[in-house]
Structure formats: C-alpha cells, structure tokens
Amino acid sequence: MAFPPSFLEELAVRNPIEEVVGQYVNLRRSGSNLFGLCPFHGEKTASFSVNPEKGIYYCFGCHKGGSVINFQMEIEGLSYPDAVRALAKRVGMEVPEDEQYQSRYRQQERLWALSKEAARFFNSQLYGPAGAEGLAYAQKRGMPKSTLTRFGIGFAPNSWSALCDAMLEKGYTEEELKQSGLASVSQKTGKIYDRFRNRLMFPIIDVRGNVIGFGGRVMDDSTPKYLNSPETIIFNKRKNLFALNLAKKSKLGYMILVEGYMDAVALHQYGFDCAVASLGTSLTEEHAALLSRYTEQVMLIYDGDEAGQNATKRAIPMLEKAGLQVKVLQMRDAKDPDEFLKKFGADRFRLLLEESSNRVEYQLRAIQKKYDLREDDQRIRFIDEAAEFISTLGNAVQREIYGSRVAEAAGITPESMQIEVKKAFKRRMAREKKKQERIDLSPASNLQPKDRHIRYDNIKSAMAEESLIAILLREPALLDCCGALSAQSFSSPMLGRVFEQLMANHAQGIPVSLTGLTDFSPEEMSHIALLLQRHDGPVSEQALSDCIRTISTEHQSQSAKSPQNNDDLLSLQKQLLARKGLKT
C-alpha cells in the first residue's frame, strides 16, 4: 500500500509510539526504554519494550515488533492501510487519496453498510407475517422483545430471494451480495439466491460496532443447525467472538466463554452480561488474545459431552498462554447454561460460578476419570500421570496441595505422592536443562531470525549487515557514504531490500525512518525492530566502515564471479578512509 512517505513520517511523529501502545499496555520506564506485559502473549514478567527515541516496540518473548503502524495492525487485527487510517483518525489527519487503498476501504464500507441493512431487514421480518414462526420460536425460548432488540435478532424468510431483492432495491449490487456472504450462486443457472432462509438470525458485531456477519438457526430438524457467514474481507471467525461488543462493557470483572449463541444470549438476559461465544469454530489463539484485552479471568463453560470436554482441554492452555486465569464450570442437572437458567434461575447459576473449579482441579478430575482406582495397576498409572501433571505447576505449595489430594483419591500417603511428584519434577527439569544446553551450545542459531521464512546463510556477514542497517536508521546522513554499496552485496536478501529502500528514500529527500519501510511483512518488521535493539553500539564512520569491510570480505569469498561489485566495495572503503584523511 503506497502512501506518501512524508505523510507516513508525520503520522509517526503525531502518534508517538509510547502513547499509542500506552492505550493498551501499562508501561514503566527503565533507562531509555519503556517496559510492560506483552499484549500479544501471556507473561508474568515484562518482556515487551518500547523505545520512544527509535519509534519501535519489540517483545523478547514472542518476538513481535515494528513501528507504531505495525503495532496498530497487530493489536486491532487491521490491514496496513486500515491501521494507517485508524492512526490518522486518532490525530485528525486526512489520509491522502490512493486509488488502491480507497477502493478497498470503500468496498469494506459498502459491505459494512450492506450487512447493517441486512440486519435491519431480518429484524423487521421477525415482526411481520413471514417471521411468525421465528418470533414464536424466540418467545418459546424465553427471549422477550428487549433481548431481541438488544442483540438485533431477526428472521430470514423462507424465500429464495427476499433479502437479495430488498438489498438490490436499496442500490447494492449482486457482486456485493456475494462478497458479503449474504448470497450464494446457483451452479445450474448462475443466478444468486439468499444464503440464509427460514432461520432465526443473530447479527455478529465486532468491537467497533460494525455488523460483519450472521449466524442463523434453523426452525426445523434440517442441518446444519447453525449456519454462519463465510469468510469475507470484513468477517474472520478466528478473530471475532459473538456478543463481545456488549460483554466488553461488563463490570463483572470476568468473561464467560460458551459454545453457542443461545447460551450467550440467555446469560446476558439473566444479568451475566459478560458472556461471549465462538463463531462455529474451536477456540483459537486469536480469540484468547482478544479476550485478554478486556479481562484477566475467563469462566469456561462447554458442553459436558466428550466433544465439549476435549474442547475444554484444548482451550485451557490457549487461554493461559494469553495470560488469562481460567476457571472451568461443569453443568449440573442441565445440558447447557440456557437450560440451567430457565430451570433454576440466576441465583443458583451464580452459586455454580462460585463453585467452579480452577483448571488444575478440572484437569486432575479429567485424569482420574480415565482410571478405575479399584484396580492396583490402574491406580499406579493414575498416580504416574497425575504426578507428571502436578510437576508442571510452577509453585511448590501448589504441588504439595494437589499432590495431597491425589494421594487421598489414590489411597496412598501424602509423603509417597510427594516423592513421585519430586521425581517427575526432576525429570522435567532435566529435560528442560538439556534442551537449553542444546540452544546455548548453538550461538549461531540464536542469531538466526525467529521467523523460519527469514534465514541467514552467512551469519558473519548478516551481523555486519544488521549493524549497518541499525547505524543508517539512527544516523541517515551516513547514507551519503554508501553510494557504491548495493543490495546485491548483502548475503541476506531481506536486509538488502531494507538497504535499497533506505537509499531510495534518501535519494528522493524522504525522511529515513522505520515508518518509511512500507514493503515488508509483519514478520520482517519484527526482525528489523529486533536488530535495532540488538545493535545499539556507538554510531560513527569507523563503525560503518567496519561493517562495509566485513560485508565486502564475505561477499568476495562467496561471489568471485562478481568482480565489479568487489571493486565498488573497495572504492567505497577508500572514500570512507579519504573522508578521515587517511591513505590506503
């Protein structure tokens, strides 16, 4: 996405990175950097750094980094142009016209508007003759009009073209109806028809209030029971949660994560306005990261069947990795929260929440269910597996307490169980020590980029290339000394591209900065931010000359077929020495 470099430079100046990041992360100063807990992965020790002088952020834990634009992209899940637009809006800047960008954004705006109109259409149908069955179903499920209005619930008529006809009349095109996922195309005739028919409709609204998709529930026994919008340029089910637009405002201090729309709606209706549901997909790391922006604790309530329990086991480590405290609630005398609330009411459900177990208790119960403790061999296997699990707990007090509970369940002494836990703990520590030793004994591998798509074939040259890039970004005037150096001299194609763009910007009088690097992936920008952190030594012509000398030597040894490049590098070194009044 090509924005004028001068505009991007002003955008970065008017959006100081520490202010933008500070909206999401509690930062504390340590020397020239600011540190906080990373918003992109769970951690207890702050490894997320912001350098206001360099205009960069970098996390030493998950290795994400870049400029203020990259941060805005990552934290809000935006494309590059949308992140630029968001930052511009933040400070009241007007975004320069760019046909490619404006065309895509206009397309998104049209689809947001179309989806909103569709939601209004579905809602109006619910209260008309075509929606009588849907309204009766909603009332049967105990949803009053206030709930239907709050969630914007509607009804898709049992018609092949009711929605399409209505939207075409409002000026939307067939192509837009297809792009939004509201219309499908007949393979026989090639004509469009309504994707959602004879279904109770739940609009999916993002945290910024845009209608981005729909979930529709059937009125009969046909399948699928729930039909969701397909992936579109405005809807990604891996990065959105149903009802989060409402739950993010809750004052309860935690979030309840359930499987279905009806469960989430019922919980809100009974006063638990912190409930959200995934959108027809298993919980993802993106979902967990999204939740971590709005809460520190998640109550997990999945179905009690095998599929629900497996989903719970998969969800727990994802949520904990995002830094969330996890509790698991197991339903009693009801298959789901919706049924429980209708049977017993909000007060009983509140007691159920208070009795919910933490993830350790839940997982130990799950291990115990696998074994018949009346059989000695199965008791031994239970003790071994439980000890292995307890050994992963970081707190010694936790290991002792939960070890005692397992001992009681298995009919052995607490002391015997503690011995088994200590053995498992020592085995795990030994494995981790060996793993770390392998890493420590491979220093070259530590210098490799964290992203596997960016690799260094020549570590020695790449370190000089990294240092050269860091010097030039910190002291752009030294680019005048690099006229004979080319991108082809770099052993790393990616670093060569960085150098090439810096030189091009400098030649055009464009300010040289990290923000001006516009043709790089998020992974590449993270690595550029890392090299700025890694190479923080003194800036001087001598340091630049040393970098060029190393690049020259390594290039000569690797590329005897390119004598012209070698002559250019030698000429460049002579220029630097001449500037210092020295003779070759």
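The exercises below deal with a pocket, a pair of helices and two cavities in a predicted model.

**Exercise 1.** Describe the second largest pocket by its volume, its lining and the elements that supply that lining.

Solution.
- Step 1, volume: the second largest pocket holds about 1,100 Å³.
- Step 2, lining: 33 residues line this pocket, and those that lie nearest its centre are Gly42, Glu43, Ala322, Gly323 and Leu324.
- Step 3, elements: at least two lining residues come from each of strand S15 (325-328), helix H15 (359-369) and helix H17 (396-410). The largest share, three residues, belongs to S15.
- Step 4, classes: the lining of the second largest pocket consists of 14 nonpolar, 12 polar and seven charged residues.

**Exercise 2.** Two of the helices in Exercise 1, H15 and H17, supply residues to the pocket lining. Find how H15 and H17 pack, and name the residues that make the contact.

Solution.
- Step 1, quantities to find: two packed helices are described by the angle between their axes and the distance between the axes.
- Step 2, values: the angle between H15 and H17 is about 25°, and their axes lie 12 Å apart.
- Step 3, class of the angle: angles under 35 degrees count as roughly parallel. H15 is therefore roughly parallel to H17.
- Step 4, contact: H15 contributes Val360, Glu361, Leu364 and Gln368, while H17 contributes Tyr402, Arg405, Val406 and Ala409.
- Step 5, classes: five of the contact residues are nonpolar, one is polar and two are charged.
- Step 6, handedness: the crossing of H15 past H17 is right-handed.

**Exercise 3.** State how many cavities of 30 Å³ or more the model has, then describe the lining of the largest cavity.

Solution.
- Step 1, principle: rolling a probe the size of a water molecule over the atoms shows where empty space is left.
- Step 2, count: there are two cavities of 30 Å³ or more.
- Step 3, volume: the largest cavity encloses about 50 Å³.
- Step 4, lining: the residues around the largest cavity are Arg150, Phe151, Pro203, Ile204, Ile205, Phe242, Ala243, Asn245 and Leu246.
- Step 5, elements: helix H7 (145-151), strand S9 (199-205) and helix H10 (244-247) each give two or more residues to this lining. S9 gives the most, with three residues.
- Step 6, classes: seven residues of the lining of the largest cavity are nonpolar, one is polar and one is charged.

**Exercise 4.** Describe the second largest cavity by volume and lining.

Solution.
- Step 1, volume: the second largest cavity has about 40 Å³.
- Step 2, lining: Ser282, Leu283, Tyr302, Ala311, Arg314, Ala315 and Met318 surround the second largest cavity as its lining.
- Step 3, classes: this lining has five nonpolar residues, one polar and one charged.

Terms used. Residues are numbered from 1 along each chain as its sequence is written. This is a predicted model: local features need pLDDT of at least 70, side-chain atom pairs count only at pLDDT 80 or more; totals for chains, interfaces and linings use all residues. Side-chain values use heavy atoms; hydrogens and water are left out. On a 1 Å grid over the protein atoms alone, a cavity is a set of points where a 1.4 Å probe fits but cannot get out, and a pocket is an open set with protein on both sides within 12 Å along at least five of seven lines; lining residues have an atom within 4 Å of a point. Grid points are joined across faces, edges and corners, and a volume is the space filled by probe spheres set on the points. Helices (H or I, at least four residues) and strands (E, at least two) are DSSP runs, numbered from the N terminus. Ala, Val, Leu, Ile, Met, Phe, Trp, Tyr, Cys and Pro count as nonpolar, Asp, Glu, Lys and Arg as charged, and the others, Gly among them, as polar. Axes are lines fitted to C-alpha atoms, for helices over the stretch in contact, and angles run from 0 to 180 degrees between N-to-C directions. Angles under 35 degrees count as roughly parallel, over 145 as roughly antiparallel, 65 to 115 as roughly perpendicular and the rest as oblique. A crossing is left-handed if the near helix is turned anticlockwise from the far one by less than a right angle, and right-handed if clockwise. Contact means heavy atoms within 4.5 Å.
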